[in-house]
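Visitor: I would like to go through this model and ask what stands behind the words used for it. Please show me the structure before we begin.

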Amino acid sequence: MHINWQLRELNLKIVYYGPALSGKTTNLEQIYTRVDATHRSELISLKTHEDRTLFFDFLQLELGKINNLLPKIHLYTVPGQSYYEASRKLVLRGADGVVFVADSAPECADSNLRAWQDMETHLASYNIAMGQIPIVLQCNKQDLYNALSPAQIGYLLHADLLPSLPAIANQGNGVFDTLKTITRNVITQIQHQSAIA
Amino acid sequence: MINPEAASPIDLPSGITLYPSHDEAIDRILNELQERCPAEFILLAEVSGQILSVIGERTTVDLAALGSLVAGDLAASQEIARLTAQYENYQLILREGPKSNTFISEAGAHLVLFVRVSKEIPLGWARMLIHETSRQLAEIIATQPEDLGKLDLGLSEEKLSSLVNDDLDSIWKG
């Protein structure tokens, strides 16, 4: 988070994390398509030749003035492939909130768990324990005939208490609700920290 | 500018808070760099890519995108240096272009500086000034203003998260 008192800007960083091909980039593409162009940056994607995320995707949303405060939301994705573990850690640096995009296919339960543990490790390397940072669980690909429910995925990740939302990101379903939920939770957390500072 | 009634500034474990006096000092230092170098364009961002200041010729480049890429470039370079045991503070990345050279410099733990200079400027001269500026910037951020006073950013507003969500609703085309 970065606060600029002169400009009255509140800059937030939200990272979309999750296993390979779970739909992290799709979330940002949907947000890019559906947000008024005057309120967003270009979508930056650092991709491999195979169209897979190499380093990160980035999109900035600029909201209007709220009580003289100008919130800007920076959205990042991490590369999901296991090869890019070092890059994932770098993208998490300075995150104010995380959306964990899980793949609801039953055969992806293990990769979801590995990615979850990987995230836990990287956050710990920045001295952030789970519970100290807002995390929203998005259960993507709910249109699969055998999709695990958000409750099942939350249970498998030992994340039952976190807010979880169903999504079909490639159709835009659940994308906005996820964005709103994580933003609300990040703002609440900042207000809480502000109150005790 | 300072409201004595308001809540105290936040000091979160991550991220930085820029006070008005920081802003003034940053502007002065960057303007000095621009004049002395001289630099065509300067961008200062927080290490996660959030832009703090921009000076010089503005082109049509998307500044938010540039900030994120500059931060990513520095982060990757720092990690490469660590992996190869070549890391030291104030890392500098040089990119030579056809008409201009660009430098990306670590300015302490929190900031990254991007500077574009004409090819005609000697590299050593630019590098020395950018190093000097990076150290000055890091010192400024590390300094708490003497008289913090009490500043209000409206964060105590109870309905702030709802208001932000309403605003998100308004920019969502569906």
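**Strands, helices and a shared side**

Guide: Start in chain B, where B:R95 stands opposite B:T102 in strand 5 of chain B. Keep in mind that the model is predicted.

Visitor: What makes strand 4 of chain B and strand 5 of chain B a pair?

Guide: Two strands pair if DSSP finds at least two bridges between them. Strand 4 of chain B and strand 5 (residues 100-107) of chain B are joined over 5 bridges, so they count as paired. The sense is antiparallel.

Visitor: In what order do the strands of this sheet of chain B run?

Guide: The order is 3-2-6-5-4. These 5 strands form an open sheet with antiparallel pairing. Neighbouring strands are turned by 10 degrees against each other on average, direction ignored.

Visitor: Why are strand 3 and strand 4 of chain B said to stand at the edges?

Guide: Strand 3 (51-56) and strand 4 (92-96) of chain B each have a single partner strand, so one side of each is left without a neighbour in the sheet.

Visitor: Which strands of chain B does helix 1 of chain B lie across?

Guide: Helix 1 (residues 20-36) of chain B lies across strand 2 (41-46) and strand 3 of chain B. Its angle to strand 3 of chain B is about 35 degrees. Helix 3 (residues 123-142) of chain B lies across strand 4, strand 5 and strand 6 (111-118) of chain B. Helix 3 of chain B runs at about 30 degrees to strand 5 of chain B.

Visitor: Now chain A. Why is helix 2 of chain A called oblique to helix 3 of chain A?

Guide: The axes of helix 2 (residues 85-92) and helix 3 (residues 109-125) of chain A come within 10 Å and cross at roughly 55 degrees. Roughly parallel needs an angle under 35 degrees, and roughly perpendicular needs 65 to 115. The crossing angle fits neither, so helix 2 of chain A is oblique to helix 3 of chain A. The crossing is right-handed.

Visitor: Which residues make that contact?

Guide: Helix 2 of chain A brings A:E85, A:R88, A:K89 and A:L92. Helix 3 of chain A brings A:D118, A:H122, A:L123 and A:S125. By class, the contact has 2 nonpolar, 2 polar and 4 charged residues.

Visitor: How many residues of chain A are in contact with chain B?

Guide: 45 residues of chain A are in contact with 44 residues of chain B. Helix 5 of chain A gives the most to the chain A side, with 11 residues. By class, that side has 20 nonpolar, 17 polar and 8 charged residues.

Conventions: Residues are numbered from 1 along each chain as its sequence is written. Chains are lettered from A and ligands numbered from 1 in the order in which they are written. This is a predicted model: local features need pLDDT of at least 70, side-chain atom pairs count only at pLDDT 80 or more; totals for chains, interfaces and linings use all residues. Axes are lines fitted to C-alpha atoms, for helices over the stretch in contact, and angles run from 0 to 180 degrees between N-to-C directions. Helices (H or I, at least four residues) and strands (E, at least two) are DSSP runs, numbered from the N terminus. Angles under 35 degrees count as roughly parallel, over 145 as roughly antiparallel, 65 to 115 as roughly perpendicular and the rest as oblique. A crossing is left-handed if the near helix is turned anticlockwise from the far one by less than a right angle, and right-handed if clockwise. Two residues are in contact if their C-beta atoms, placed from the backbone, lie within 7 Å. Ala, Val, Leu, Ile, Met, Phe, Trp, Tyr, Cys and Pro count as nonpolar, Asp, Glu, Lys and Arg as charged, and the others, Gly among them, as polar.
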